Amino acid sequence: MGKFTNPVLPGCHPDPSVCRVGEDYYLACSSFEYFPGVPIFHSRDLVHWTQIGNALDRPSQLRLPLDSPSSAGVYAPTLRHHDGRFWLITTNVSGGGNFLVTATDPAGPWSEPVPLPDLPGIDPDLAWDADGTCWCTVAGVAQVRIDPDTGQVLGTPQRIWSGAPGAKAPEAPHLHHIGDHWYLLIAEGGTERGHAVSIARAPTPSGPFKPCPTNPVLTHRGTDEPVQNTGHADLVQGPDGSWWMVLLGVRPRGGTPGWHVLGRETFLAPVTWEDGWPVVGPLVLEGSVPWPLEPGPVVPVRDDFDQAALHPSWISLRDRREEHCTTGQRPGWLTLHARGESLDALDAVFVGRRQQHLSCRARTLVDARGGTGGLAVRLDEEHHYEIEVGDGQVRVIARVGSLKSEVASRAVPAGPVVLGVDVCERKTFRDARTGPDTVFFGIEESDGTFTALAGLEGRYLSTEVAGGFTGRVIGLYAATGTVHFDWFDYTPLDS
Ligand code: 6LW
């Protein structure tokens, strides 16, 4: 028996798709405007997940136009293992539409994309029947046979089921052959508070689908559960043969209406079966699995930028070109060369990691003698807070919608300076409007103490304010010229 904490993948890791190969589990998530795209995780226990790579880590596989909006880009993938190969199908809504890539090792390399130009829609799923026919199912919910080797669509997509009558956004289909039935798992109600998971089953992969009489099989809508927006799920069998669901959920904090700041995260919930239908849950923050847990991954707090390649958890905006982001210019440092003028620009040079904890701390040692840059907490180009150094000044800047303001500044001597951010979940509830957290920016003094220059309301960097599908990313950027970073560290704080 192992106790675990949900979410099993905290931070912006939505739309999880999972597959099992022997004793190993692999999971993929959406990546939107970030490059590399589609993070791939490995686990032996469904609880501890280690990122082993990104499926789309070369420009030839993923081109995100520099003017493509945030929360566009790469949507919901499906990850499957079939015929000795891993198959990953997804959609680039910023250009190219649906495509699939394959790999023999899920850590990579993944193949060049096989485009599916004639497959409309998003959230593509792959399933193979006993004859080897490949069924591709998309949001809507529609289905068509495809040739996964060529990307050719074989026929016209057929509407197979649309969830509850009147419910919006039937999406996220995953088709599983379990026992005598083909189960079609979907999300419905939209990816906000009304989100739900429903299921139907049929004797064949193409139908006719009969809905589960107890649909939705999971939703937290209208409840005071701490995890909300539950939906977009996939099914997998645990090491002991029991069934489990991975799904997305959010953790709103503060008063009304509740703000979630980490994006849509991946949760794990138990599944049992009654009369051939899944019974899901409970979905709880502290759960247990009926098998021993493997040791958790060792997550390094500090990145010293001593390796040529960045760890796969680093994500850049839209692309990552050597001429803008390199560890090769000053050994042991990450060097960023500015492109856009600030983090307001769609083509800003920014490289960061997902904020994964409700309270956390990040520090970085910056040498900005050749430009201006620093440390940012980013939701999108219109919602970000940052602390930057340049021209002998440290400045804290807030951008919220069309408003932008320098909220604090201080002179600093020339040379490297440690910039920091502390994100602190609100502990005291003032009234119904209390926000989720406060974001403090400051500098480390020569004696190692931290001086906060500004504390900003976290709600403005939440999905409820900014909109979209993503969560906060904490990272490094160059606004002008060339900026070097010696190290970056990120530490969870007790919430
Ligand atoms: C995804 C859809 C959804 O395509 O959000 O929550 C969209 N579900 O299925 C973007 O992640």
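Which of the 13 residues around the ligand come nearest? In this predicted model, the nearest of the 13 are Asp15, Asp123, Thr191, His232 and Arg264. Classed by residue type, the shell around the ligand consists of six nonpolar, three polar and four charged residues.

Polar contacts to the ligand were computed for several side chains. In aspartate 123, a side-chain N or O atom is 2.4 Å from an oxygen atom of the ligand. Threonine 191 places a polar side-chain atom 2.8 Å from a ligand oxygen atom. For glutamate 171, the partner is a nitrogen atom of the ligand, and the distance from a polar side-chain atom is 3.2 Å. On its own the ligand has 290 Å² of accessible area, and the protein covers 98% of this area.

Glutamate 171 also belongs to a strand pair. Strand E15 spans residues 171-178, and seven of these eight residues are buried, leaving the strand mostly covered. The partner strand, E16, comprises residues 181-188 and runs antiparallel to E15, with six bridges joining the two. Within this pairing, alanine 187 in E16 is the bridge partner of glutamate 171. The two strands form a hairpin with two residues between them. In the turn, glycine 179 has a positive phi of about 65 degrees.

A further set of strands forms an open sheet. Four strands make up this sheet in the order E7-E8-E9-E10, and their pairing is antiparallel. Strand E7 (74-82) and strand E10 (114-115) are the edge strands, each of which pairs on one side only. Strand E9 covers residues 97-103 and is joined to E10 by two bridges. Across this antiparallel pair, leucine 100 stands opposite valine 114 of E10.

The loop that follows E10 leads to strand E11 (125-128), and proline 124 lies in this loop. Proline 124 has a relative accessibility of 0% and therefore counts as buried. Alanine 142 is 18 residues away from proline 124 along the chain, and the C-alpha atoms of the two residues are 9.6 Å apart.

The cysteines were examined for disulfides, and the count is zero. For cysteine 12, the closest cysteine sulfur is that of cysteine 29; the two sulfur atoms are 8.4 Å apart and therefore too far from each other for a bond. Cysteine 12 is buried, its relative accessible area being 7%. The closest cysteine sulfur to that of cysteine 134 belongs to cysteine 136, at 6.7 Å. This separation is likewise too far for a bond, since a disulfide requires the sulfur atoms to lie within 2.5 Å. Cysteine 134 also counts as buried, with a relative accessibility of 2%.

Arginine 459 is found in the loop between strand E36 (450-457) and helix H1 (463-466). Is this residue in the loop buried or exposed? Because buried means under 20% relative accessible area, arginine 459, at 14% relative accessibility, counts as buried. The side chain of arginine 459 reaches the backbone oxygen of arginine 433, and the distance of this contact is 2.4 Å.

Terms used:
Residues numbered from 1 in each chain as written. Predicted model: local features only at pLDDT ≥ 70, side-chain atom pairs only at ≥ 80, totals over all residues. Heavy atoms only, no water. Near = heavy atom within 4 Å. Polar contact = N/O pair within 3.5 Å; in protein donor to acceptor, adjacent residues only side chain to side chain. Areas by Shrake-Rupley, 256 points an atom, 1.4 Å probe, with all protein chains shown as cover. Nonpolar A, V, L, I, M, F, W, Y, C, P; charged D, E, K, R; others polar. Pairing = 2+ DSSP bridges. Buried < 20%, exposed > 50% of the residue type's maximum accessible area, 1.4 Å probe, protein only.
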